[in-house]
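Subject: Structure for you to look at

Hello,

Here is the structure I promised to pass on. Please open it beside this message and follow along. My notes come after it.

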Amino acid sequence: MEQPHALLVASPGLGHLIPILELGNGLSSVLNFRVTVLAVTSGSSSLAETEAIRAVVARGTCEVTELPSVDIDYFFEPDATVFTKIVEKMRATKPVVQDAIKLMTQKPTVMIVDFLGTGMMSIADDVGMAKYVYVASHAWFLAVLVYLPVLDKVVEGEYIDIKEPMKIPGCRPVGADDLMETMLDRSNRHYRECVRYGEEVPMSDGVLVNTWEELQGNTLAALMEDGELSRVMKVPVYAIGPIVRPNGATKKPNSIFEWLDKQRERSVLYVCLGSGGTLSLEQTIELACGLELSGQRFMWVLRRPTSYLRESSNDDDLVSVGLPEGFLDRTRGMGLVVTQWAPQVEILSHGSIGGFLSHCGWSSVLETLQENIVPIVAWPLYAEQWMNAAFLTEEIGVAIRTSELPSKRVISREEVASLVRKFMGEEDEEGRKVRAKAEEVRVSTERAWTQGGSSQSSLLEWAKRCCLLSFTNNTVSI
């Protein structure tokens with residue numbers, strides 16, 4: 001039998017690219033699939049995107065092709081959101097994906113898209129491929145996404161005006177503060193796109209989701225076993241997580257690790273709000289002052305504030321990214337601020353890291369839980385990060401969060417300092433509970449991928465089914 005060939009399509013943005021690359025790595029190394037990744041880029045690749053692709057290619061597990069960027073910038077209004085740009089970019093790139101498939105010497109066995117790429121699934125139908133959606137998030141997010149079309153029919157008015165959380169059958173209820181911002185204005189085209197995604201995901205042959213049975217057994221059961229939600233889902237769900245970037249070798253000498261090597265064990269708070277995690281100038285100043293006020297050691301991967309208008313565009317110039325005057329001098333020896341790409345997995349696994357102030361992107365969360373037993377200070381900014389923060393704090397108990405969403409008001413320096421002290425202090429009871437819970441979750445990640453573990457078994461089940469579907473599709477097409 002010919003080696004199965006998986007075609008993976010990654011939507012624009014680092015947060016979509018990395019999960020697809022790591023899924024491809026897993027399909028190759030665990031299942032011996034041939035894997036081709038088509039990366040839809042937003043233009044010129046960032047350093048982080050380039051590094052992610054380079055690392056996967058160096059492993060020899062995937063063939064990666066960066067698709068030519070389709071220039072549709074003229075189409076957008078000046079205030080167009082990132083979400084709008086990704087949606088339209090994926091639509092415009094569909095013919096490019098079709099052409100790339102025609103040039104392949106070995107026809108793919110299966111196509112896998114992320115949930116923003118469901119519009120590509122008709123390509124698989126045209127050529128007789130099995131088609132799957134990879135949700136690189138947790139099962140609760142998947143449940144809300146596929147149930148959104150139902151809510152759209154039965155709920156009147158705006159979700160944000162509903163006082164009580166909305167019920168999702170068999171799952172944790174979802175409140176307005178948990179929903180993606182693109183779901184909050186039902187008159188907006190963003191919302192209609194989200195409903196469309198919720199309708200299209202069940203049109204696939206199945207869904208792969210980056211979680212595992214022990215973490216979300218009840219939600220997975222609601223999606224898969226006979227009941228209201230499973231009747232909406234319609235297709236099999238395969239929990240195959242956690243799938244994260246491996247801890248790779250970092251080139252030495254490296255100033256980040258030279259600094260970390262000098263710090264005490266579990267004494268450093270790692271602060272990183274993701275590749276797209278930018279704050280306002282006011283919030284940047286408050287966060288900086290809060291870190292200083294806390295008296296705790298920190299390493300901060302800093303992005304230029306959204307509202308900062310200094311003429312300098314050089315992020316290496318730390319003054320140009322909006323830090324308070326004198327901040328670097330006052331925190332010298334206490335903190336390290338970097339403005340370029342940093343190897344997050346390797347940083348999180350370093351023994352000096354004792355906490356993570358995070359935007360709660362799901363990939364970052366999984367890297368934390370798998371690499372180090374550290375508590376998370378949840379600082380969600382956009383997309384499903386609000387939902388992730390609620391899940392981490394209220395459902396599994398491995399994080400604490402700010403009193404209000406950082407996207408809704410400026411978090412004061414006093415609150416920042418209080419949160420940091422609470423979690424970095426060894427004597428804090430809440431911090432000890434969170435560390436203990438994080439250790440439980442870390443152990444469960446190992447069990448999921450041991451021989452016969454839930455995620456390994458789920459992936460093997462998927463492989464058998466998708467190869468059978470491909471054989472059937474090819475037979476029918478002949």
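**The nonpolar cores**

The largest nonpolar core has 84 residues, and M111, L142, I168, L223, L229, M233 and L392 touch the most other members. Keep in mind that this is a predicted model. Helix α5, residues 139–154, gives the most to this core, with 11 residues. Find L142 next. Leaving aside neighbours within four places in sequence, L142 is in contact with V135, V201, V207, L223, M233 and V237. Two of these names, L223 and M233, also appear among the residues that touch the most other members. Another core lies apart from this one. That second core has 34 residues, including A6, V35, A130 and Y238. As background, nonpolar side chains in soluble globular proteins tend to be buried together.

**An enclosed helix**

Now go to helix α13, residues 362–371. Here 7 of the 10 residues are buried, so α13 is largely enclosed by the rest of the structure. The buried ones are W362, S364, V365, L366, E367, T368 and L369. What do the buried residues of α13 pack against? The helices are α7 (213–224), α12 (344–348), α14 (385–395) and α16 (429–448). The strands are β11 (353–358) and β12 (376–378).

**A buried glutamine**

Helix α7 also holds Q216. Is Q216 buried or exposed? Its relative accessible area is 4%. Buried means under 20%, so Q216 counts as buried. Not counting residues up to four places away in sequence, Q216 touches H138, A139, W140, T211 and F391. Look closely at A139. Its backbone nitrogen lies 2.8 Å from a polar atom of the Q216 side chain. One more distance to check: Q216 and C171 are 45 residues apart in sequence, and their C-alpha atoms are 9.7 Å apart in space.

**Two crossing helices**

Last, turn to helix α3 (residues 82–102) and helix α6 (residues 189–200). Their axes come within 10 Å and cross at roughly 55 degrees. That makes α3 oblique to α6. The crossing is left-handed. Which residues meet there? From α3 come F83, T84, V87, E88 and R91. From α6 come R189, H190, E193, C194, R196 and Y197.

Best wishes

Methods
Residues are numbered from 1 along each chain as its sequence is written. This is a predicted model: local features need pLDDT of at least 70, side-chain atom pairs count only at pLDDT 80 or more; totals for chains, interfaces and linings use all residues. Side-chain values use heavy atoms; hydrogens and water are left out. A nonpolar core is a set of buried Ala, Val, Leu, Ile, Met, Phe, Trp, Tyr and Cys residues joined through side-chain atoms within 4.5 Å. Buried means under 20% relative accessible area, exposed over 50%, partly exposed in between (1.4 Å probe, protein chains only). Helices (H or I, at least four residues) and strands (E, at least two) are DSSP runs, numbered from the N terminus. Contact means heavy atoms within 4.5 Å. A polar contact is a pair of N or O atoms within 3.5 Å; within protein, one must be able to donate a hydrogen and the other to accept it, and residues adjacent in sequence count only if both atoms are side-chain atoms. Axes are lines fitted to C-alpha atoms, for helices over the stretch in contact, and angles run from 0 to 180 degrees between N-to-C directions. Angles under 35 degrees count as roughly parallel, over 145 as roughly antiparallel, 65 to 115 as roughly perpendicular and the rest as oblique. A crossing is left-handed if the near helix is turned anticlockwise from the far one by less than a right angle, and right-handed if clockwise.
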